[in-house]
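Visitor: Could you take me closely through the sheet of this protein and what surrounds it? I am in my first year, so please go step by step.

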Amino acid sequence: MYIVCGKTDMRKGIDGLATLIQDSCELDPYSDSVFLFCGLSKDRYKCLYFDGDGFALLYKRLDGGKLQWPKDENEVRNLSQQELRWLLEGLSLQQPKAIQKTPKGVF
């Protein structure tokens, strides 16, 4: 799951978003990945996914609240499920009070 940081022109459809993924992000829009985009107002987002025989585009507008979308327009982030949940719940991707995963230790 990838998040395209910064603002995206929400007028773009499937072809425009797939081109953005391929050209600007240098990723394969046909891969088994979900790509998330957010506009300037941060109260709506789009989700693009290729399921093997075509693209699916999800568009959501929030009735209350805004997303805390990362601002660096030159960045694409690979998100964990937990980070995605935080983001879509209106929280920041960085949760300093959350228990962080640690690498496996040696006993």
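Guide: Helices and strands are here runs assigned by DSSP, with at least four residues for a helix and at least two for a strand, and they are numbered from the N terminus. In this predicted model, the chain has two helices and five strands, and, read from the N terminus, these elements follow one another as β-α-β-β-β-β-α.

Let us turn to the sheet itself. Its five strands lie in the order S4-S3-S2-S1-S5, forming an open sheet whose pairing is mixed. Strand S4, residues 55–61, and strand S5, residues 76–78, stand at the edges with a single partner strand each, and therefore one side of each has no neighbour in the sheet. On average, neighbouring strands are turned by 20° against each other, if direction is ignored.

Within the sheet, one pair deserves a closer look: strand S2, residues 34–38, and strand S3, residues 44–50, run antiparallel and are joined by five bridges. As one example of how the two strands are matched, Val-34 has Tyr-49 in S3 as its bridge partner. Helix H1, which covers residues 14–23, packs on the sheet, where it touches S2, S3 and S4, and its direction makes about 80° with that of S3.

The loops beside these elements hold two residues whose backbone angles invite attention. Most residues other than glycine have a negative phi. Glu-26, in the loop between H1 and S2, nevertheless has a positive phi near 55° without being a glycine. Lys-42, found in the loop between S2 and S3, is also not a glycine and has a positive phi of about 60°. As for their surroundings, Glu-26 has a relative accessible area of 68% and counts as exposed because this value is over the 50% limit, whereas Lys-42, with 21%, is partly exposed.

A further feature to find in the view is the largest pocket, which has a volume of about 150 Å³. Its lining consists of 13 residues, and those nearest its centre are Val-4, Cys-5, Leu-20, Ser-24 and Glu-73. By kind, the lining residues divide into five nonpolar, three polar and five charged.

Finally, step back to the whole chain. Its C-alpha atoms fill a box of roughly 50 × 35 × 25 Å along the principal axes, and 34% of its 107 residues are buried. Among the contacts with a separation of 6 or more, 51% are between residues 24 or more positions apart.

Technical notes. Residues are numbered from 1 along each chain as its sequence is written. This is a predicted model: local features need pLDDT of at least 70, side-chain atom pairs count only at pLDDT 80 or more; totals for chains, interfaces and linings use all residues. Side-chain values use heavy atoms; hydrogens and water are left out. On a 1 Å grid over the protein atoms alone, a cavity is a set of points where a 1.4 Å probe fits but cannot get out, and a pocket is an open set with protein on both sides within 12 Å along at least five of seven lines; lining residues have an atom within 4 Å of a point. Grid points are joined across faces, edges and corners, and a volume is the space filled by probe spheres set on the points. Ala, Val, Leu, Ile, Met, Phe, Trp, Tyr, Cys and Pro count as nonpolar, Asp, Glu, Lys and Arg as charged, and the others, Gly among them, as polar. Two strands pair if DSSP finds at least two bridges between them. Axes are lines fitted to C-alpha atoms, for helices over the stretch in contact, and angles run from 0 to 180 degrees between N-to-C directions. Contact means heavy atoms within 4.5 Å. Buried means under 20% relative accessible area, exposed over 50%, partly exposed in between (1.4 Å probe, protein chains only).
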